Amino acid sequence: TECAHGHKRASKREAKRCVDLHMLQRAGEIIGLEVEPKFTFMIAGKPLKMANGHNAQYRPDFSYVEKGRKVVEDVKGVIVRDFPLRAALFQALWPDIELRVVK
């Protein structure tokens, strides 16, 4: 599904949230909106590699700053199998960033 801003989203719910967040940014409620930011898991200063050689990453749907605090947001209709592990790793490695799961 494509949102009104031309971003291809995995669902209608994500597309709607994308439009909502752009409106919040225009209204000054949030700043620095990013679509699908990338967070690479690092251990001892090195990227964590998966068996296939790719870096282990977490790509939430959005990130932004709200009231001076960085927020990442994932829109979920269904919690997929690997999400709880990725969320736990994200929260351990970036404790100062708030993770929000929007259902």
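**Close-ups of a predicted model**

**View 1. Strands S7 and S8 lie side by side and run parallel, with 5 bridges joining them.** Everything shown here comes from a predicted model, in which local features need pLDDT of at least 70 and side-chain atom pairs count only at pLDDT 80 or more, while totals for chains, interfaces and linings use all residues. Residues are numbered from 1 along each chain as its sequence is written, and side-chain values use heavy atoms, with hydrogens and water left out. To get your bearings, find Val-75: its bridge partner in S8 is Val-102. Two strands count as paired if DSSP finds at least two bridges between them. S7 itself is largely enclosed by the rest of the structure, because 5 of its 7 residues are buried (under 20% relative accessible area, with exposed meaning over 50% and partly exposed in between; 1.4 Å probe, protein chains only).

**View 2. On to the hairpin that S6 and S7 make together.** Strand S6 covers residues 62–66 and strand S7 covers residues 69–75. The two run antiparallel and are joined by 5 bridges. Look for Phe-62, which has Glu-73 as its bridge partner in S7. Glu-66, meanwhile, sits opposite Arg-69 of S7. Just 2 residues lie between the two strands, and one residue in the turn, Lys-67, has a positive phi of about 50°.

**View 3. Here is the whole open sheet, built from 4 strands.** Read across it and the order is S1-S6-S7-S8, with mixed pairing. S1 (31–35) and S8 (98–102) are the edge strands; each has a single partner strand, so one side of each is left without a neighbour in the sheet. Strands of a sheet pair through backbone hydrogen bonds, either parallel or antiparallel. Helix H2, made of residues 83–93, lies across S7 and S8.

**View 4. Lys-76 takes its place in the loop between S7 and H2.** Charged though a lysine's name may sound, the thing to look for here is its surroundings. Lys-76 is buried, with a relative accessible area of 15%. Setting aside neighbours within four places in sequence, Lys-76 is in contact (heavy atoms within 4.5 Å) with Arg-13, Phe-83, Val-101, Val-102 and Lys-103. You have met Val-102 already, as the partner of Val-75.

**View 5. Arg-59 belongs to another loop, the one between strand S5 (57–58) and S6.** Arg-59 counts as partly exposed, at 44% relative accessibility. Leaving out neighbours within four places in sequence, Arg-59 is in contact with Glu-36, Pro-37 and Lys-38. Now look across to Ala-87: although 28 residues separate it from Arg-59 along the chain, the two C-alpha atoms are 10 Å apart.

**View 6. Step back, and the protein chain shows 2 helices and 8 strands.** Both kinds of element are DSSP runs numbered from the N terminus: helices are H or I with at least four residues, strands are E with at least two. Starting at the N terminus, the elements go α-β-β-β-β-β-β-β-α-β. The C-alpha trace spans about 40 × 30 × 20 Å along its principal axes. The chain has 103 residues, and 29% of them count as buried. Take the contacts between residues at least 6 apart in sequence: 51% of those join residues at least 24 apart.

Methods: Axes fitted to C-alpha atoms, helices over the stretch in contact; angles between N-to-C directions.
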